[in-house]
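Dear colleague,

I am handing over the structure below for you to look at alongside your own work. What I found in it follows after the display.

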Amino acid sequence: MTVSLPPFTLVTGNVNKRREAARLLGYEPPWADIDLPEIQSLDMAEVLNAKGEEAWSRLRGPLVVEETGLELSAMNGFPGPLIKWMLAAVGADGVARTVHALGDDRAVARCGLLYRDADRTVVAMGQSVGRILPAPRGDKGFGWDPIFVPDGLHDTYAELDAETKGRVGHRGAAWQALVERLEIP
């Protein structure tokens with residue numbers, strides 16, 4: 001999707017999220033590599049709002065922050081927005097082994113975006129329901145992409161081309177929802 005959004009700075013230290021946002025938007029927005037503190041909460045909206053407030057206090061200009069989570073049915077939705085820490089501890093392969101040891105491979109990938117300027121804060125969410133494979137497959141993507149298969153497909157995020165991933169993925173859905181919420185024609 002090539003869209004027209006009001007000017008903003010994408011606040012992320014994750015080069016993969018920056019690249020994916022550029023592909024989804026059809027252009028590369030300015031970005032700021034700011035190490036935002038991430039509160040430890042299972043509530044994605046709470047984490048997203050805290051990141052948005054901290055980014056606003058530093059930039060004082062229109063911005064977008066992102067929070068992503070992977071909710072595992074086998075763990076009653078855990079780790080959700082704490083997936084970054086679980087990946088750091090055990091990697092995608094360890095997440096897959098844990099899920100399959102517990103016997104329920106269902107998962108929900110979520111992405112939240114928060115746009116903030118001097119006049120408003122707009123939050124948009126996207127999700128993709130799917131399952132976790134027993135072992136990683138594919139060499140595209142990042143994080144847990146090699147173990148997540150969206151419902152209705154046979155390929156992991158890491159096996160999908162960028163266009164398909166953008167169409168079926170949680171991040172693409174979140175950016176589309178943000179565009180709609182900002183009421184940009």
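**Helix packing and nonpolar cores**

In this predicted model, helices H1 and H5 are oblique to each other, because their axes cross at roughly 55°, a value that falls outside the ranges counted as roughly parallel, roughly antiparallel or roughly perpendicular. The two helices, H1 covering residues 15-25 and H5 covering residues 170-181, have axes that come within 10 Å, and the crossing in which H1 passes H5 is right-handed. On the H1 side the contact is made by Lys-17, Glu-20, Ala-21, Leu-24 and Leu-25, which meet Arg-171, Gly-172 and Trp-175 of H5. Sorted by character, the residues of this contact comprise 4 nonpolar, 1 polar and 3 charged.

Trp-175 also appears in the largest nonpolar core, a set of 18 residues, where it is listed with Leu-5, Phe-8, Val-64, Leu-113, Tyr-115 and Leu-178 as having the most contacts inside the core. Two or more residues of this core are given by each of H1, strand E5 (106-116), strand E6 (121-132) and H5, and the largest share, 5 residues, belongs to H5. If one leaves aside neighbours within four places in sequence, Leu-178 is in contact with Val-64, Leu-113, Tyr-115, Val-122 and Ala-124. Separate from this is a second core, with 17 residues, which includes Ala-107, Ala-109, Phe-148 and Tyr-157.

With best regards

Conventions:
Residues are numbered from 1 along each chain as its sequence is written. This is a predicted model: local features need pLDDT of at least 70, side-chain atom pairs count only at pLDDT 80 or more; totals for chains, interfaces and linings use all residues. Side-chain values use heavy atoms; hydrogens and water are left out. Axes are lines fitted to C-alpha atoms, for helices over the stretch in contact, and angles run from 0 to 180 degrees between N-to-C directions. Helices (H or I, at least four residues) and strands (E, at least two) are DSSP runs, numbered from the N terminus. Angles under 35 degrees count as roughly parallel, over 145 as roughly antiparallel, 65 to 115 as roughly perpendicular and the rest as oblique. A crossing is left-handed if the near helix is turned anticlockwise from the far one by less than a right angle, and right-handed if clockwise. Contact means heavy atoms within 4.5 Å. Ala, Val, Leu, Ile, Met, Phe, Trp, Tyr, Cys and Pro count as nonpolar, Asp, Glu, Lys and Arg as charged, and the others, Gly among them, as polar. A nonpolar core is a set of buried Ala, Val, Leu, Ile, Met, Phe, Trp, Tyr and Cys residues joined through side-chain atoms within 4.5 Å. Buried means under 20% relative accessible area, exposed over 50%, partly exposed in between (1.4 Å probe, protein chains only).
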